[in-house]
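Subject: Structure handover

Hello,

Here is the structure I said I would pass on. Please look through it alongside the notes below.

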Amino acid sequence: MATQADAQELAALRALSASIGQSPHLTQAAGGNTSLKADDTLWIKASGTWLKDALTDDIMVPVAMAPLLKAVEQRDRAADQPQGFTIAALNPRGLRPSIETTVHALMPQRVVVHVHCVDTIALAVQADGEAEVARRLDGIEWAYVPYFRPGLPLARGIAEKLRPDVDVLILGNHGLVIAAETVAEAELLLHRVRSLLARPARATAAPDLAALTRLAGDSFYRLPADVEAHAVALDSESRRIAKAGSLYPDHVIFLGQGSVVAGRGETVADIIARLGTPPAAILFPDAGVLMRGDASAGADAMQRCLADVTARIDIAARLNYLTAAENDELVNWDAEQYRQKLNAAGG
């Protein structure tokens, strides 16, 4: 780090990152990222790492900011490969920076926090989401950015929306970006915005674990890691929303496209036969969720996220789902294939 003050801020950012990573309502699995600008260097979370590990693992990567910003400005595809801008001498482990490094570099503030806050996503997938956010964030300098694939397309979309003093971005079908000059200010603004966007989750009955155990039988399916993940199968509106398609990128990356809902009387074997492949998760109406036995910790985290997001969506709202082309773009994107590989290796 350039100065002692920078080192202290990076330590504070690690602590905030770990705190954020412990909250499934703020970020999930390897999603979300944080950064600090120190002179011309951007220190940002490494791709595939989890924010919750920020205090116990070296997850921050140094990136040369000026050439990266020039690449964004010139629409150079090199900006979609931020690992090409890392400072090798300060990156002995050869970590790759976050796929959203360009987002952090574009924000002029020193500290940037990007989270997949479930309260934000629940609004950002609604067709009227921007109007609803405007009502709730009156008095805050914010901008709404419609959905673009993470990486250079999202960076260009943000560049078109940035205005002086904007320190909050609502990313359509994606999440929340908070920017400030210090870590302490970023933390305060994050909690303020989150509280203003919060909506209560619809209540559900308890999952029927006995029924799920019978349904799993001797298959290689199992219960999810978090009991909260069952809620999406226990609420008819959440099931309807989930079944209709994919709402945000990390769902596609960790769970595949859309959600599989069992029909009346269907067994695990019936569903695999119907689909021709074993899905990462199966929603059994009024019983709960079963996860494929080899589903990663990231998949479990995202199944919980799906339950948390869908339970907060206005059931009367029209929703913006990712298109088939947008789904395919995510699955076949090199940066995401790398992150999936890391996620599978990490369990």
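The notes below cover the annotation, the sheet, two turns and two helices.

Please keep in mind that this is a predicted model.

Annotation. An unreviewed UniProt entry places the feature "domain: Class II aldolase/adducin N-terminal" at residues 12-201. Over that range the chain is 34% helix and 18% strand, and the C-alpha atoms at its two ends are 32 Å apart.

The sheet. There is an open sheet of 7 strands, ordered 3-2-1-4-7-6-5, with mixed pairing. The edges are taken by strand 3 and strand 5 (142-145). Each of these has a single partner strand, so one side of each has no neighbour in the sheet. From one strand to the next, the twist averages 20°.

Strands 1 to 3. Strand 1 and strand 2 are antiparallel and joined by 4 bridges; within this pairing, Leu-36 has Trp-43 of strand 2 as its bridge partner. On its other pairing, strand 2 runs antiparallel to strand 3 (residues 60-64) over 5 bridges, with Lys-45 opposite Met-60 of strand 3. How buried is strand 2? In strand 2, 5 of the 5 residues are buried, so the rest of the structure largely encloses this strand.

Strands 6 and 7. These two strands are also antiparallel, with 4 bridges between them. Leu-171 has Gly-175 in strand 7 as its bridge partner.

Helices on the sheet. Helix 7 (residues 183-197) packs on the sheet and touches strand 4 (111-115), strand 6 and strand 7. The direction of helix 7 makes about 145° with that of strand 7. Helix 2 (residues 65-73) lies across strand 1, strand 2 and strand 3, and runs at about 70° to strand 3.

Two residues with positive phi. Strand 1 and strand 2 form a hairpin with 2 residues between them. Asp-39 sits in that loop, between strand 1 (33-38) and strand 2 (41-45), and has a phi near 55°, a positive value in a residue other than glycine. Asn-173 is in the loop between strand 6 (168-171) and strand 7 (175-180). Asn-173 is not a glycine either, and has a positive phi of about 55°.

Which of these is buried and which is exposed? Asp-39 has a relative accessible area of 60% and is therefore exposed, the cut-off being over 50%. Asn-173 has a relative accessibility of 6% and therefore counts as buried, the cut-off being under 20%.

Regards

Note on methods
Residues numbered from 1 in each chain as written. Predicted model: local features only at pLDDT ≥ 70, side-chain atom pairs only at ≥ 80, totals over all residues. Heavy atoms only, no water. UniProt positions renumbered as here; feature names shortened; annotations may be inferred. Buried < 20%, exposed > 50% of the residue type's maximum accessible area, 1.4 Å probe, protein only. Pairing = 2+ DSSP bridges. Axes fitted to C-alpha atoms, helices over the stretch in contact; angles between N-to-C directions. Contact = heavy atoms within 4.5 Å.
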